[in-house]
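Grab a pencil and open the viewer. Below are a few exercises, each with a solution worked out step by step.

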Amino acid sequence: MNSQKIALLTDSCADIPPALLREKGIYSLPLKIIYPDHEYSDGVDITPREIYEKMPGQLPTTSLPDGDTVLRTFSQIRRDGYDKVLALCFSSGLSGTYNIVRLAGHADNGLDVAIYDTLSGSMPEGMMVLQAARWIEEGKSWEELQRLVPPLIANTCGIFTLDTLEYLKKGGRIGLVTAVAGGMLQIKPIITFSEDGRLISSGKVRGRAASIQEVANRIRAHVPASGAYNVLTVHSEAPEDLAVLESLLSDVIAGARFHQRGEIDCTLAVHVGPGLVGGGISCIPEE
């Protein structure tokens, strides 16, 4: 436990590997993966690969953590000796996770709680959480953390491409016409987060190689001219394509304070399927 007794809370959509969660002492709320015959907890009793193996014949639904789980987590944090909680949550534009954590956090739990909507997900969310963990390790005060987190959120971006539009189409994330045209012409979407935290298509590129190059170009455009930044790379069952992206960004990665790579969580895997590759930049505000 850190000297200020500040706990850090996030959710499974932050895509932080379990070993790193344990190392940093980060609490994580699992979202739900729901099949007709069984309900799973994201990253606890089901993996993304198990979901991909059932696709496309079986496509589950997803849901936010239930209220009892969230309340129990806050109670556990209190029992573990913390008196403050910094919570960074999956985008409210894609899930009700932020709202349920906010409601539970403001209950009478004996904790001082600051809850933030990251307006993001996957590794962009994870990078913000890991930066907050480093600040806590460095001894930043409770007041300093609340000053630093909002500009960190505002200056973090995520940019992705997909090998197939099938699952975005099924999830209603893009229009049917775009999905059909993409399948016929090998058009690959460039995906990012809107200002209100929704997934949006911000461009289209023909061919897989060109789409990975476009992701690299867009990530590079967000590297600050001065100041520190973290960089992230992420994939879903596409490690070779991730290696290509990282090669294109080798100088950007070398100049980062920290680079984290990972695989997307089960919840996002349901909505995008295999073949996602992407990354992003998280600019560190002046401390």
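**Exercise 1: the surroundings of Leu276**

Leaving out residues up to four places away in sequence, Leu276 touches Phe160, Thr161, Leu162, Val234, His235, Ser236, Ala238 and Ile264; contact here means heavy atoms within 4.5 Å. Before you go on, keep in mind that this is a predicted model, where local features need pLDDT of at least 70 and side-chain atom pairs count only at pLDDT 80 or more, while totals for chains, interfaces and linings use all residues. Residues are numbered from 1 along each chain as its sequence is written, and side-chain values use heavy atoms, with hydrogens and water left out.

Your task: find out which residues touch the most other members of the largest nonpolar core.

Step 1. Get the term straight: a nonpolar core is a set of buried Ala, Val, Leu, Ile, Met, Phe, Trp, Tyr and Cys residues joined through side-chain atoms within 4.5 Å. Buried means under 20% relative accessible area, exposed over 50%, and partly exposed in between (1.4 Å probe, protein chains only).

Step 2. The largest core has 29 residues, and Ile33, Ile46, Ile51, Ile264 and Leu276 touch the most other members.

Step 3. Now look at who supplies it: the elements giving two or more residues include strand E3 (32-35), helix H5 (122-138) and helix H12 (266-272). Helices (H or I, at least four residues) and strands (E, at least two) are DSSP runs, numbered from the N terminus. H12 gives the most, with five residues.

Step 4. There is also a second, separate core of 25 residues, with Ile6, Leu8, Leu130 and Val149 among them.

**Exercise 2: strand E1**

Your task: work out whether the residues of E1 are buried or exposed, and which strands pair with E1.

Step 1. Six of the six residues of E1 (residues 6-11) are buried, so the strand is largely enclosed by the rest of the structure.

Step 2. In a regular strand the side chains alternate between the two faces of the sheet. Here Ile6, Leu8 and Thr10 point one way, and Ala7, Leu9 and Asp11 the other.

Step 3. Zoom in on Ile6, which has a relative accessible area of 2%. Apart from neighbours within four places in sequence, Ile6 is in contact with residues including Tyr82, Leu86, Ile136 and Trp142.

Step 4. Two strands pair if DSSP finds at least two bridges between them. E1 pairs in the parallel sense with E6 (residues 84-89) over four bridges, and also in the parallel sense with E2 (residues 27-29) over three. Leu9 has Ala87 as its bridge partner in E6 and stands opposite Tyr27 in E2.

**Exercise 3: ring pairs**

Your task: count the aromatic pairs and describe the one formed by Phe160 and Phe193.

Step 1. Use this rule: rings of Phe, Tyr and Trp (its six-membered ring) pair if their centres lie within 6.5 Å; planes under 30 degrees apart count as stacked, over 60 as edge-to-face and the rest as tilted. The count comes to three pairs.

Step 2. One of them joins Tyr35 and Tyr40, edge-to-face, at 6.0 Å centre to centre with 90 degrees between the planes.

Step 3. For Phe160 and Phe193 the centres are 6.1 Å apart and the planes at 85 degrees, so this pair is edge-to-face.

Step 4. Phe160 lies in strand E8 (residues 156-161) and Phe193 in strand E9 (residues 187-193), so the pair ties together parts 33 residues apart in sequence. Both Phe160 and Phe193 are buried.
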